[in-house]
Amino acid sequence: MKIHQIPLLRDNYGYLLVCEKTNQAAIVDPSEAEPVLRKLEQEKADLRAILNTHHHRDHTGGNEKLLAARRMDVYGHKSDGNRIPGLTHGVDQGDEVRIGELKGEVLFIPGHTTGHVAYLFGDALFCGDTLFTAGCGRLFEGTPEQMHASLSKIMALREDTKIYCGHEYTESNLRFALTLEPKNPKVVWRYERVQAQRARGAPTVPATLEEEKQTNPFLRWDSREIQASVKAAVPGQRMDPVSVFASVRRLKDAF
Ligand SMILES: [Zn+2]
Ligand SMILES: [Zn+2]
């Protein structure tokens with residue numbers, strides 16, 4: 001499988017997945033159509049499907065224009081038939097997606113929205129706005145319990161899983177991470193590295209799940225330092241994982 005990372009809008013990423021045997025391709029989260037069409041032209045790939053992680057316009061904004069250019073399958077969660085333009089394949093946890101000879105698996109990961117899914121192709125996870133590199137999505141529609149369960153589902157994948165998320169937010173996410181875990185040397189080091197990458201305009205996505213577990217405050221409800229920071233910031237803080245996660249999310253909302 002070839003993965004082409006396409007910068008879209010201000011800070012979104014779309015991903016063109018190409019089966020190298022058949023040249024069939026799918027686009028994950030086309031925020032807009034033109035850059036995708038240009039990439040297709042360059043690669044001479046045969047676009048067969050749109051894989052939407054969730055209905056937000058910055059992930060589906062290119063659907064109509066791409067569908068006007070050719071007929072394609074459109075995948076998204078089965079509950080989002082009236083929110084994802086052109087949805088043909090409503091999917092759910094455990095469903096399979098085929099692109100040429102590539103096989104992907106659907107993970108149902110609600111929290112950011114109620115119909116959020118991820119697509120796992122081998123060691124590549126396309127997880128939209130649920131898990132970000134060094135961050136996680138806002139809880140627009142779901143509860144902390146749901147998001148905690150969704151993130152835990154991702155954490156159960158192999159450590160070398162690559163996190164291809166929907167936005168380039170790593171640098172500001174790490175600035176927030178440092179407020180909660182200033183003594184975590186891996187966070188300090190990652191922030192320095194990411195600053196240097198951004199200074200030369202390089203993407204910081206993807207990252208491995210292993211690095212996320214070590215540095216992403218939204219996956220670190222077990223960290224003593226995070227627990228202490230949250231306790232200092234939130235009166236009456238409870239220490240169970242969901243409560244710690246919920247407070248980290250609320251603190252980020254106000255950051
Ligand atoms: Zn979103
Ligand atoms: Zn988004």
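This dialogue works through several local features of a predicted model.

Reader: Where should I begin with the metal site, and which residues coordinate the zinc ion (ligand 1)?

Author: A useful reference comes before the case: ideal angles at a metal are 109.5 degrees for four tetrahedral donors. In this predicted model, the zinc ion (ligand 1) is held by NE2 of His54, ND1 of His56, NE2 of His112 and an OD atom of Asp129, at 2.1 to 2.3 Å. Along the sequence, these donor residues follow the spacing H-x1-H-x55-H-x16-D.

Reader: Which arrangement do the 4 donor atoms around the zinc ion (ligand 1) make?

Author: The arrangement is irregular, because the angles subtended by the 4 donor atoms run from 91 to 167 degrees, whereas a tetrahedral assignment would need all angles between 85 and 135 degrees. As for the wider chain, His54 sits in the loop between strand S4 (46-51) and helix H2 (57-60), while His112 sits in the loop between strand S8 (102-108) and strand S9 (117-121), so the pair ties together parts that are 58 residues apart in sequence. Both of these histidines, His54 and His112, are buried.

Reader: How far apart are the zinc ion (ligand 1) and the zinc ion (ligand 2), and which residue coordinates both?

Author: The two ions are 3.5 Å apart, and the residue that coordinates both of them is Asp129.

Reader: Turning to the backbone, which residues have a positive phi although they are not glycines?

Author: The general expectation is that most residues other than glycine have a negative phi, and that most peptide bonds are trans. Asp29 departs from this pattern with a positive phi of about 50 degrees; Asp29 is found in the loop between strand S3 (24-28) and helix H1 (34-43), and its relative accessibility of 2% makes it buried. Ala134 likewise has a positive phi, of about 70 degrees, and it belongs to the loop between strand S11 (131-132) and strand S12 (135-136), where it is buried with a relative accessible area of 1%.

Reader: Where is the cis peptide bond?

Author: The cis bond joins Val205 and Pro206, with omega at about 5 degrees, and Pro206 itself lies in the loop between helix H6 (185-199) and strand S14 (207-208).

Reader: How should I read the salt bridges, and with which residues does Arg83 form them?

Author: The idea is that side chains of opposite charge can pair when their charged atoms come close. Over the whole structure the search finds 22 salt bridges. Arg83 pairs with Asp80, the closest N and O atoms being 2.8 Å apart, and also with Glu141, for which the corresponding distance is 2.9 Å. Arg83 lies in the loop between strand S5 (73-77) and strand S6 (89-91), and Glu141 in the loop between S12 and helix H4 (144-155), so the pair of Arg83 and Glu141 ties together parts that are 58 residues apart in sequence. With regard to accessibility, Arg83 is partly exposed at 29% and Glu141 is partly exposed at 30%, whereas Asp80 is buried at 1%.

Reader: Which network do salt bridges with shared partners form?

Author: One bridge to look at is that of Arg193 and Glu211, whose side chains meet at 2.3 Å, N to O. This pair links distant parts of the chain, with Arg193 in helix H6 and Glu211 in helix H7 (residues 209-215), 18 residues apart. Arg193 is partly exposed, at 28% relative accessibility, and Glu211 is buried, at 16%. Through shared partners, salt bridges join Arg190, Arg193, Glu211 and Glu212 into one network.

Reader: How many disulfides are there?

Author: A disulfide is a covalent bond between the sulfur atoms of two cysteines. The count here is 0. For Cys165, the closest cysteine sulfur is that of Cys127, at 5.8 Å, which is too far for a bond; Cys165 is buried, with a relative accessible area of 1%.

Reader: Finally, how many aromatic pairs does the structure hold?

Author: An aromatic pair is read from the ring centres and the angle between the ring planes, and the structure holds 10 such pairs. The rings of Tyr13 and Tyr15 have centres 6.3 Å apart and planes at 40 degrees, so this pair is tilted. Tyr13 is buried at 7% relative accessibility, as is Tyr15 at 1%. The rings of Phe218 and Phe245, by contrast, have centres 6.2 Å apart and planes at 70 degrees, so the pair is edge-to-face. Phe218 lies in the loop between H7 and helix H8 (224-233) and Phe245 in helix H9 (residues 241-253), 27 residues apart, and both Phe218 and Phe245 are buried. Tyr13 and Tyr15 also belong to one aromatic cluster with Phe121, Phe126 and Tyr164.

Methods: Residues numbered from 1 in each chain as written. Chains lettered and ligands numbered in written order. Predicted model: local features only at pLDDT ≥ 70, side-chain atom pairs only at ≥ 80, totals over all residues. Heavy atoms only, no water. Donors = N, O, S within 2.8 Å, 3.2 Å for Na, K, Ca; no water. Tetrahedral: all angles 85-135°; square planar, octahedral: opposite > 155°, others 65-115°. Helix = DSSP H or I, 4+ residues; strand = E, 2+ residues; numbered from the N terminus. Buried < 20%, exposed > 50% of the residue type's maximum accessible area, 1.4 Å probe, protein only. Salt bridge = Lys/Arg side-chain N within 4 Å of Asp/Glu carboxyl O. Disulfide = S-S within 2.5 Å. Phe/Tyr/Trp six-rings, centres within 6.5 Å; stacked < 30°, edge-to-face > 60°.
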